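Welcome! Here is a short guided tour for someone meeting this structure for the first time. Please take a look at the sequence and the model, and then read on.

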Amino acid sequence: MKKDKWTIDDIDDLTGKIFLVTGANSGIGFEATKVFSSKGAKVIMGCRNLEKAKGAKEDILSEFPNALLDIIQLDLTSFKSIKEFSDKVIEKYSKLDVLLNNAGIMTVPYGSTEDGLELQIGVNHFGHYYLTLNLINLINKTENSRIVNIASIAHKYGNLKKNTFLYEKGKRHSKMRAYAQSKLANLLFTYKLKEKLEKQGSKTIVLAAHPGVSKTNLGSHIKGGSVKWIQRTLSLTIQSQDRGALPGIRACTDKDVISGQYYGPNSMFEFKGDPVVVKSTRRSHSKELQDILWTESVRVTRLDLHL
């Protein structure tokens, strides 16, 4: 694991660049949006809740009055919403330098997306797959463009079981296993997308990052006495959300990145620390699992990579 020091002071001027951040109104997405806009980039804020997005925009403008922020509604539980969002982005912008697939949900009650998918895999993977494929031509024609997917250390406990992708009423369900699967899917998608783009001659860089254990609202659904000891333990290792945002921010902006890299914190089992290149599990590099996920993603979304 590389032990180097990197801060937002290392980011070059981003004036003229267009960034798109999903889930930009809270957590590490908000922190990333603030940093990108402070460096001169125009940031498209893809957010489900417009009121919260407007509040986040006002907060950023109060600190950086010249920030360039464009709120467009995006609901990752709905392919219809994702398509409408993508169409608006393509209509308004002639390029897209960085797509940060950041939005996510964690250990929510078992439920269904608008299109019949289990919520966590539906939002965390399929929603971002569908968004990325809808925007891929815009991204691909942009020089030095990047796609960055936010994963999690939870991917280490994930496995891929395609029979769990669809919501089934009354089915037994583990919220943590579903979350871990969705985060493994983020990495399987990252590595397969990199491979496919390179085979088609694309210069777009594809990366992943994880925030370690950060103080955001992502884990708000983790409740109950059985996990209180975990929460107390994590309180000793948890880092602020602005620190948790740094691996993703570095992946989006560091000029020395190499496609396929995975960024995370460098200390305490990757719970916290400075953003560096880290390793993901052997399972995340499984060609078999990557192919299974890609095939299912094409079947579910009816979108494939054709540059």
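## Helices α3 and α4

Helices α3 and α4 lie roughly parallel to each other, because their angle falls under the 35 degrees that sets the limit for this label. That angle is about 25 degrees, and the two axes are 10 Å apart. You can find α3 at residues 79-92, and α4 at residues 119-140. This is a predicted model, so please read every value here as computed from it.

The crossing of α3 with α4 is right-handed. On the α3 side, the contact is built from F79, I82, K83, F85, S86, V89 and I90, while α4 brings in F126, G127, Y130, L131, N134, L135 and L138. Sorted by class, this contact has 10 nonpolar residues, three polar ones and one charged one.

## Helix α4 meets helix α5

Now let us turn to the other partner of α4. The axes of α4 and α5 come within 7 Å and cross at roughly 20 degrees. That angle makes α4 roughly parallel to α5, and their crossing is right-handed.

Which residues of α4 meet α5? They are Q120, I121, N124, H125, Y129, T132 and I136. Facing them in α5 are K175, A178, Y179, Q181, S182, K183, A185, N186, F189, L193 and L197. The residues of this contact divide into nine nonpolar, seven polar and two charged.

## A closer look at α5

Helix α5 covers residues 175-199, a run of 25 residues. At 1.5 Å a residue it should span 36 Å, and its end C-alpha atoms are indeed 36 Å apart, so expectation and model agree. Of the 25 residues in α5, 18 are buried, so the helix is largely enclosed by the rest of the structure. Just after α5 comes G201, which takes a positive phi of about 85 degrees.

## F126 and N149

F126 belongs to helix α4, and it is one of the residues that α4 uses to contact α3. Is F126 buried or exposed? Its relative accessible area is 0%, so it counts as buried. Setting aside neighbours within four places in sequence, F126 is in contact with F79, L117, I121, F165, E296, S297, V300 and T301. The C-alpha atoms of F126 and L293 are separated by 9.8 Å, although these residues are 167 residues apart along the chain.

N149 sits in strand β5. With a relative accessible area of 3%, N149 is buried. Not counting residues up to four places away in sequence, N149 touches N101, N186, F189, T190, L207, A208 and A209. Among these, N186 and F189 also appear in the contact of α5 with α4.

## Two positive phi angles in loops

T107 is found in the loop between β4 and α4. It has a positive phi of about 50 degrees although it is not a glycine. Its relative accessibility is 2%, so T107 counts as buried.

N144 lies in the loop between α4 and β5. It too is not a glycine, and its phi is positive, at about 60 degrees. What sets N144 on the exposed side is a relative accessible area of 59%, which is over the 50% needed for that label.

## Helix α8 and strand β8

How many of the residues of α8 are buried? The answer is eight of the eight, so this helix, at residues 246-253, is largely enclosed by the rest of the structure. The buried residues are L246, P247, G248, I249, R250, A251, C252 and T253.

One of them, P247, gives us a link to another element. The C-alpha atoms of P247 and D274 are separated by 7.8 Å, with their positions 27 residues apart along the chain counted as their distance apart. D274 is found in strand β8, at residues 272-277. At 13% relative accessibility, under the 20% limit, D274 counts as buried.

## Helices α1 and α2

Our last stop is a pair of helices early in the numbering. Helix α1 (residues 27-38) packs against helix α2 (residues 50-63) at an angle of about 40 degrees, with the axes 11 Å apart. The two are therefore oblique to each other, and α1 passes α2 in a right-handed crossing.

F30, T33, K34 and S37 of α1 make the contact with A56, D59, I60 and E63 of α2. By class, three of these residues are nonpolar, two are polar and three are charged.

How values were computed:
Residues are numbered from 1 along each chain as its sequence is written. This is a predicted model: local features need pLDDT of at least 70, side-chain atom pairs count only at pLDDT 80 or more; totals for chains, interfaces and linings use all residues. Side-chain values use heavy atoms; hydrogens and water are left out. Helices (H or I, at least four residues) and strands (E, at least two) are DSSP runs, numbered from the N terminus. The expected span of a helix is 1.5 Å times one less than its number of residues. Buried means under 20% relative accessible area, exposed over 50%, partly exposed in between (1.4 Å probe, protein chains only). Axes are lines fitted to C-alpha atoms, for helices over the stretch in contact, and angles run from 0 to 180 degrees between N-to-C directions. Angles under 35 degrees count as roughly parallel, over 145 as roughly antiparallel, 65 to 115 as roughly perpendicular and the rest as oblique. A crossing is left-handed if the near helix is turned anticlockwise from the far one by less than a right angle, and right-handed if clockwise. Contact means heavy atoms within 4.5 Å. Ala, Val, Leu, Ile, Met, Phe, Trp, Tyr, Cys and Pro count as nonpolar, Asp, Glu, Lys and Arg as charged, and the others, Gly among them, as polar.
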